[in-house]
Amino acid sequence: MRVAVIDGQGGGIGKHIVEQLRKRMPDLEILALGTNALATGAMLRAGATEGASGESAICFNADRVDLVVGSFAIMTVYGLLGEITPAIATALSVSKADKLLIPIQRGNIQIIGTNRIPLPHYVESLVNEVGQRIDKQKSKT
């Protein structure tokens, strides 16, 4: 399974996701896709297999992975303080890859039905879900 972790700004959320995925699944192929080089670098230092930066890299790879993970903001035009371009949001939305998104609630978007819990708890839930999907995929083969 190939997983894309997408983040922007300083890459803090993506870094945390990559660290936890790598700790639990050492052989997982993790593609760090940052809206900028700083975010990509943080995710690579955290253990991503490979990385690329910018709108073109995210759009190009959106359909070349099995799973996309990150905060809900990566699907929102101008999310992450404007770093998510319309092209990125569109590429991710139409990608056939499954998406596991953390409901970070910033700005003027509130996701109803979610609990406000600390980021590490969201990341733990995300990593557990990735693990379950990998286990399910292995049992099919």
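This is a short talk about the fold, the pockets and a few single residues of one protein chain.

Okay, hi everyone. Before we look around, keep in mind that this is a predicted model, where local features need pLDDT of at least 70, side-chain atom pairs count only at pLDDT 80 or more, and totals for chains, interfaces and linings use all residues. Residues are numbered from 1 along each chain as its sequence is written, and side-chain values use heavy atoms, with hydrogens and water left out.

Let's start with the fold. The chain has six helices and five strands; these are DSSP runs numbered from the N terminus, with H or I over at least four residues for a helix and E over at least two for a strand. Going along the sequence, you read β-α-β-α-β-α-β-α-α-β-α. The radius of gyration is 14 Å, close to the 14 Å from the globule rule for 141 residues, so the chain is as compact as a globular protein of that length. That radius is taken over C-alpha atoms, and the rule is 2.2 Å times the number of residues to the power 0.38. Along the principal axes, the C-alpha atoms fill a box of roughly 40 × 35 × 30 Å. Of the 141 residues, 44% count as buried, meaning under 20% relative accessible area, while exposed is over 50% and partly exposed is in between, with a 1.4 Å probe and protein chains only.

Now, pockets. Rolling a probe the size of a water molecule over the atoms shows where empty space is left. Here a pocket is an open set of points on a 1 Å grid over the protein atoms alone, where a 1.4 Å probe fits, with protein on both sides within 12 Å along at least five of seven lines; lining residues have an atom within 4 Å of a point. A volume is the space filled by probe spheres set on the points, which are joined across faces, edges and corners.

The largest pocket has a volume of about 340 Å³. It is lined by 22 residues, and the closest to its centre are Ala-73, Gly-79, Leu-80, Leu-81 and Arg-106. Two elements, α1 (12–24) and α4 (79–82), give two or more residues to that lining, and α4 has the largest share with three residues. By class, the lining has ten nonpolar, ten polar and two charged residues. Nonpolar is Ala, Val, Leu, Ile, Met, Phe, Trp, Tyr, Cys and Pro, charged is Asp, Glu, Lys and Arg, and polar is the others, Gly among them.

What about the second largest pocket? That one holds about 210 Å³ of space. Helix α6 (residues 119–140) gives the most to its lining, with five residues. Its lining has four nonpolar, two polar and five charged residues, including Met-1, Arg-24 and Lys-138.

Next, some single residues. Most residues other than glycine have a negative phi. Which way does Leu-80 go, positive or negative? Its phi is positive, near 55 degrees. Leu-80 sits in helix α4 and is buried, with a relative accessible area of 11%. Gln-9 also has a positive phi, about 50 degrees. Gln-9 is in the loop between β1 (2–7) and α1, and at 28% relative accessibility it counts as partly exposed.

Last stop: Val-123, in helix α6. Val-123 is buried, at 0% relative accessibility. Its C-alpha atom is 10.0 Å from that of Glu-19, and the two residues are 104 apart along the chain. That's my tour, thanks!
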